[in-house]
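Got your viewer open? Here's a short route through the model, with something to select at each stop.

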Amino acid sequence: MSKKLGLLATLYFSQGLPFGFFTQALPVLMREQGYSLQAIGLSTLLALPWALKFLWAPLIDRSTQAKASKRFHKKSWILAMQLAAAVVLCVPAVSAYTESIQALMIVLFTLNFIAATQDIATDGLAVDILRKRERGWGNGIQVAGYRIGMLVGGGVLLILFQELGAKATYLSMAALTVLASLPLGLTPQAKLGSRTGEQGASATTPLPRSAPSSAAPHFLRRAGAWGLLGLIVSYKVGDAFATAMLRPFLVDQGLSMADIGWLIGTVGFVAGLLGALLGGALVQRLGRRRALLAFGLLQALSVAGYALLALGTPSLGTIYALCAAEHLAGGMATAALFTCMMDWCRPGSSATDYTVQASAVVIATGAASALAGFSAQAFGFAGHFGLATVLALLGVVLVFRRFPKEPRWHQASRTLA
């Protein structure tokens with residue numbers, strides 16, 4: 001199992017690496033060159049491929065099924081995207097447009113498209129090779145690897161950008177991307193083949209023998225799919241709705257930019273990382289449903305803590321403790337949710353099924369974050385965090401009432417239909 005987890009960790013790390021750098025560096029560079037706050041805000045649309053990746057996910061599943069799978073595997077897709085990302089990162093390093101914001105936006109959008117496509121294949125590969133008992137750890141590693149990639153990209157490489165310049169930074173990212181590809185590249189395809197994938201997937205999501213996976217309908221056309229997506233979406237909306245206004249809240253509490261960076265970038269990061277690993281480890285022991293309920297409740301309670309903070313004048317120690325608790329609970333809840341999303345994938349369409357679910361989470365949490373400012377403006381921070389708590393608790397209630405007793409797709413369909 002350790003080899004599988006290490007392989008997946010490097011792939012998710014390479015996704016977070018450029019994303020962490022550009023999400024930290026691009027707003028600063030744009031502001032230094034005189035761009036408006038509205039333009040800086042709209043630059044987040046460059047991440048649109050992550051929300052829309054479900055549109056081309058079926059292409060990857062179709063290309064790796066049946067006869068095509070003898071020539072092209074998920075491994076092939078992943079390595080091709082890793083190489084493409086490295087090449088794209090080298091372009092600004094060797095061109096005359098290194099400092100051009102417009103050129104960097106094109107690079108970022110292209111990297112997001114490449115990384116989203118790599119993520120489709122990587123998620124499908126994870127579903128295929130991880131057995132049921134390994135999926136909790138696998139999803140903990142997924143969240144942790146991506147977070148570490150963002151930390152390196154948004155921290156270490158940002159410092160490198162300041163010290164050594166843009167070209168060295170882009171070449172460093174390209175080199176790290178290539179290095180992160182080596183574990184998968186050195187793993188024989190036989191160890192990633194369909195036999196392991198079938199055992200891992202069929203243990204939880206068997207299809208009727210009369211319905212081959214290649215003829216199965218798209219995820220969204222399956223009975224109960226929309227109800228299942230509603231459960232998935234509601235589980236993380238409350239937390240996203242709350243944390244979108246966490247930084248403005250901390251500013252109003254008198255914290256400096258350095259304080260906020262240390263609090264969220266260090267304390268919050270470590271707590272979220274530990275939460276993802278702890279949640280992944282406990283999912284198998286507690287069971288999927290109980291893990292979602294327990295971690296979701298902890299997530300809601302930590303959000304409620306923000307509402308209590310907003311009602312008074314909290315000490316810096318209290319803010320640190322609650323921020324760490326919220327990131328810890330959020331990491332645990334995310335790992336549990338992603339594990340269940342793997343269980344709800346069908347053999348032969350793992351990349352598509354997981355991607356549809358993941359895209360739903362991205363779209364819903366993005367929309368919640370976009371609306372959070374209106375809520376905080378209308379109700380104040382205490383009212384906003386209180387509303388976020390209600391939304392978080394709603395997700396727990398939906399899990400309690402509508403979660404399938406066993407993680408089998410046909411049972412989920414009957415339960416949620």
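## Stop one: helix α5

This is a predicted model, and the tour begins in α5, where you can select Lys74, Lys75, Trp77, Ile78, Met81, Gln82, Ala85, Ala86, Val88, Leu89, Pro92 and Ala93: these are buried. Look down the axis of α5 and those buried residues fall within an arc of 165 degrees, so they line one face of the helix. Now pick Leu83 and Val94, which are exposed on the other side of α5.

While you're here, try a quick length check. Helix α5 covers residues 74–94, 21 residues in all, and at 1.5 Å a residue it should span 30 Å. The C-alpha atoms at its ends are 31 Å apart, which agrees.

## Stop two: zoom out

Show the whole chain as a cartoon. How many helices and strands are there in the protein? You'll find 16 helices and zero strands. Of the 417 residues, 52% are buried. Switch on a surface: the accessible area of the protein comes to about 18,300 Å², and 68% of that belongs to carbon and sulfur atoms. If you like contact maps, take the contacts with a separation of 6 or more: residues 24 or more positions apart account for 84% of them.

## Stop three: the cores

The largest nonpolar core has 87 residues, and Phe22 and Tyr170 are those with the most contacts inside it. Color helix α6 (residues 101–129) next, since you'll want to see what gives the most to this core: α6 does, with 14 residues. Center on Phe22 and show what surrounds it. Leaving out residues up to four places away in sequence, Phe22 touches Pro27, Leu89, Leu104, Val107, Leu108, Leu111, Tyr170 and Met173. Apart from the largest core lies another, of 24 residues, including Ala242, Val303, Ile319 and Ala388. As background, nonpolar side chains tend to be buried together in soluble globular proteins.

## Stop four: two residues on α1

Go to helix α1 (residues 2–32) and select Gln15. Is Gln15 buried or exposed? Gln15 is buried, with a relative accessible area of 3%; the cut-off for buried is under 20%. Show side chains and you'll see that of Gln15 making a polar contact with the side chain of Gln118, at 2.5 Å. Setting aside neighbours within four places in sequence, Gln15 is in contact with Trp50, Ala115, Gln118, Asp119, Thr122 and Tyr146.

Stay in α1 and click Pro18. Pro18 is buried too, with a relative accessible area of 9%. Draw a C-alpha to C-alpha distance from Pro18 to Asn112: the two are 94 residues apart in sequence and 8.7 Å apart in space. With neighbours within four places in sequence left aside, Pro18 is in contact with Leu111 and Met173.

## Last stop: His327

Finish in helix α14 (residues 316–343), where His327 sits. His327 is buried, at 14% relative accessible area. Which side chain does that of His327 make a polar contact with? The partner is the side chain of Glu326, at 3.3 Å. To fill in the surroundings, add Leu246, Ile264, Gly268, Ala271 and Gly272, which His327 touches when residues up to four places away in sequence are not counted.

Conventions: Residues are numbered from 1 along each chain as its sequence is written. This is a predicted model: local features need pLDDT of at least 70, side-chain atom pairs count only at pLDDT 80 or more; totals for chains, interfaces and linings use all residues. Side-chain values use heavy atoms; hydrogens and water are left out. Helices (H or I, at least four residues) and strands (E, at least two) are DSSP runs, numbered from the N terminus. The expected span of a helix is 1.5 Å times one less than its number of residues. Buried means under 20% relative accessible area, exposed over 50%, partly exposed in between (1.4 Å probe, protein chains only). The arc is that of the directions from the helix axis to the C-beta atoms. A polar contact is a pair of N or O atoms within 3.5 Å; within protein, one must be able to donate a hydrogen and the other to accept it, and residues adjacent in sequence count only if both atoms are side-chain atoms. Contact means heavy atoms within 4.5 Å. A nonpolar core is a set of buried Ala, Val, Leu, Ile, Met, Phe, Trp, Tyr and Cys residues joined through side-chain atoms within 4.5 Å. Accessible areas come from the Shrake-Rupley method with a 1.4 Å probe; for residues, only the protein chains shown count as cover.
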